[in-house]
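This report looks at local backbone geometry, one sheet and one helix. Please view the model alongside the text.

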Amino acid sequence: MGRRNRNRQRDGGAEEKRSRDAGWGAGYADIVKENKLFERYYQELKIVPEGEFEQFMEAMREPLPATIRITGYKSHAKEILHTLKEKYFKEIQDLEVDGQKIEAPQALSWYPDELAWHTNMSRKILRKSPLLEKFHQFLVSETESGNISRQEAVSMIPPLLLKIEPQHKILDMCAAPGSKTAQLIEMLHADMDVPFPEGFVIANDVDNKRCYLLVHQAKRLNSPCIMVVNHDASCIPRLLVEQNDKKDILFYDRVLCDVPCSGDGTMRKNIDVWKKWTTSNSLHLHGLQLRIAVRGVEQLAVGGRMVYSTCSLNPIEDEAVIASLLEKSEGALELVDASADLPGLKYMPGITSWKLMTKEGQWFSDWSEVPTSRHTQIRPTMFPPTDPEKLLSMKLERCMRILPHHQNTGGFFVAVLVKKAPMPWNRRQPKLRNKEATSSSEGAQAEEPPAEQGDGETPTEGHPCNSNAPENPPEPEAKKDGVCGPPPSKKMKLFGFKEDPFVFLTEDDPVFPPIQTFYDLSSDFPKLNVLTRTHEGKKRHLYMVSKELRNVLLNNSERMKVINTGVKVWSRNNDGEQFGCAFRLAQEGIYTLYPYIRARVINISVEDVKILLTEENPFLTRLGDDAHAQAKKLEMGSIVLRYQPDPNDPSAPQCPIELCGWRGKTSIRTFVPRNERLHYLRMVGVEVFRDKQGKKEGGAAETQEGNAEGQEEPGQQAAVEQEGSDTEQNGSSESKTNDSKDVSSI
């Protein structure tokens, strides 16, 4: 009986997939892009300028244009931009597909340095058209290697308004799926010559499974300054850090508060919102949004900046939350004018008057009109302030609402808040971290930490949880030095998977001497920042985090659930022991580690890069004379292959390339994941792609391309598998499932 039911379900699922694939989007054929309640509601609220409502509705019914963003912190960003503009964009200009003219992609006028582009190409055209197959494969491959992100244009706005600097401590409260988090990480690494910026990003999400998607997004950027945690944002715990031999509360310089919302600004891509939209959605979410925003400003340092955003156009989720937050702050918060920060962005100012409508169509203009029977659904904070002077002082017009028909985007709302004083219910004044600030006694004044009640008690109604743990909890007796264990099981069972512990190594750990000798690490190498994921047995992989994140991890093991942190820098290779070191370099951590390595480096040319990435195990004699001479001087084992740009040769890549490799007895090879391999090959002028049947194609570079693809099996693939063999160790197994979803969305 059960088996028969399962078979029926399986057959039904296959039938559903066939019908969905029949016309790409046929599954949405029954959804009519019309909702009378939606139109009536927004016409009455007048958020759209007079005479533009029809344009607004027409834009909402049109598909959303594809938008891509080039990751800005990598030194390769300019090279990718050059490749896009000079090769792919020129090839697809004035192309026609199924009678539709393909417009050349245009740079977003308000995004800095031409690093964001949009086009009228839909995902359907990108996937299905043979003429665009090369462009599609390029986007997929570069997305997988973390060099390009497919991200909605309006989603890029909040991180830009935060004005991130490399020393900032940042909290992303509702981070999944992670496109905004990636922007924050990029901004921290604005100076690629600094392997460990002083700042960091703590990215949080309440959904345990979505945290792994967040890990996947963040790991593509290979940063030692990101930590993914799993908490309810409305009561995310307040963390401690050690400063001047004293534990102090961690306050953030920047907070991104992109809250869960009804999503009616996403109707262009989430078509089912047309059918599901009702005013009840906003009424149900308002309280949660306010609690998250309050928790965000509580954890913000004085002088810090918080951006509140939603992909909803509804003032109940937008201006009502901001107005209530400003009212509760009693002058501690200021809504700032951010219009000059993004020149070229078209937006509507926030509104100061709005009404509520129930799903039955009944309107309320004031709390006094709401019958008692509805007091559990409708709250006073949902209405505009009744005091005209107070309303005027809030300057709600400084909020920014992006309408779809103004710049062919989705709908969005964003507000920028600056904290001028401690919140009235907090009894401790946090200090903003300045770049020039020294850790003087002034930074940790004699002001004692607040009692339990002062930690996070908020004036919001019905707070769902209590995170008010003592600010200076006693250290657990059994806690080992340098170990940040997982949270207690009592808390962990509320969430998903149990994570392996984060175990920091000591400076005298026996693993270091052979590594130090083999790679001749510089004396300033931060050994204390190295961690592993196991207490016992051989260490399989070594990871690195920044000094500041180490501080956070060691002082908050009982307060937070960490899903992932650190970038892998070494992997155990048992064969390496006979050559003097059991650990080989990992490609994902090479840009973090390279500044400290003074041995085992071979400088290579562009031609060497082509040979190393297109041949599986080239003989040493295949390298140029200079590289060959360097390689002969080295013993067998792990090496760094470094390309240094030549400013006198503009046709060559103008950014450094560092590849991990292995110097064998008579040959040499690279340990580079497939997508990064393709990325570097494109940078040096070798194009590699497959047609839909998996056959290799390519013009002038066909011979090299054949080598690059053909030699990948089995030798190169083994290297790739070895490079990614720690999925079960570092919280990535779940993200592999999401990987295909993420890339296939392009």
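A residue counts as exposed when its relative accessible area is over 50%, as buried when that area is under 20%, and as partly exposed in between. The model described here is predicted.

**Backbone outliers**

Most residues other than glycine have a negative phi, and most peptide bonds are trans. Asp 245 departs from the usual phi: its value is positive, near 60 degrees. Asp 245 sits in the loop between β10 (240-243) and β11 (246-249). Because its relative accessibility is 75%, Asp 245 counts as exposed.

Asp 520 also has a positive phi, about 50 degrees, although it is not a glycine. Its loop lies between α16 and β22. Here the relative accessibility is 32%, so Asp 520 counts as partly exposed.

| Residue | Phi | Relative accessibility | Loop |
|---|---|---|---|
| Asp 245 | near 60 degrees | 75% | β10 to β11 |
| Asp 520 | about 50 degrees | 32% | α16 to β22 |

The peptide bond between Ala 176 and Pro 177 is cis, with omega about 5 degrees. Pro 177 belongs to the loop between β7 (169-172) and α8 (179-188).

**Helix α16**

Asp 520 comes just after α16. Which residues of this helix are buried? In α16 (residues 512-519) they are Phe 512, Ile 515, Phe 518 and Tyr 519. They lie on the same side of α16 because they cover an arc of only 140 degrees around the axis. These buried residues pack against β22 (530-532), β23 (541-544), β25 (567-572), β26 (583-585) and β28 (637-643).

**A four-stranded sheet**

Strands of a sheet pair through backbone hydrogen bonds, either parallel or antiparallel. One open sheet in this model has four strands in the order β4-β5-β1-β6, with antiparallel pairing. Its edge strands are β4 (106-107) and β6 (148-150), each pairing on one side only.

Helix α4 (residues 77-92) packs on this sheet. It touches β1 (66-70), β5 and β6, and its direction makes about 140 degrees with that of β1.

How many bridges join β4 to β5? There are two, and β5 spans residues 116-119. Gln 106 has His 118 as its bridge partner in β5, while Ala 107 stands opposite Trp 117. On the β1 side, four bridges join β1 to β5, again antiparallel. There, Ile 68 stands opposite Trp 117. Trp 117 of β5 thus faces Ala 107 as well as Ile 68.

Definitions and conventions. Residues numbered from 1 in each chain as written. Predicted model: local features only at pLDDT ≥ 70, side-chain atom pairs only at ≥ 80, totals over all residues. Heavy atoms only, no water. Pairing = 2+ DSSP bridges. Contact = heavy atoms within 4.5 Å. Axes fitted to C-alpha atoms, helices over the stretch in contact; angles between N-to-C directions. Buried < 20%, exposed > 50% of the residue type's maximum accessible area, 1.4 Å probe, protein only. Arc of directions from axis to C-beta.
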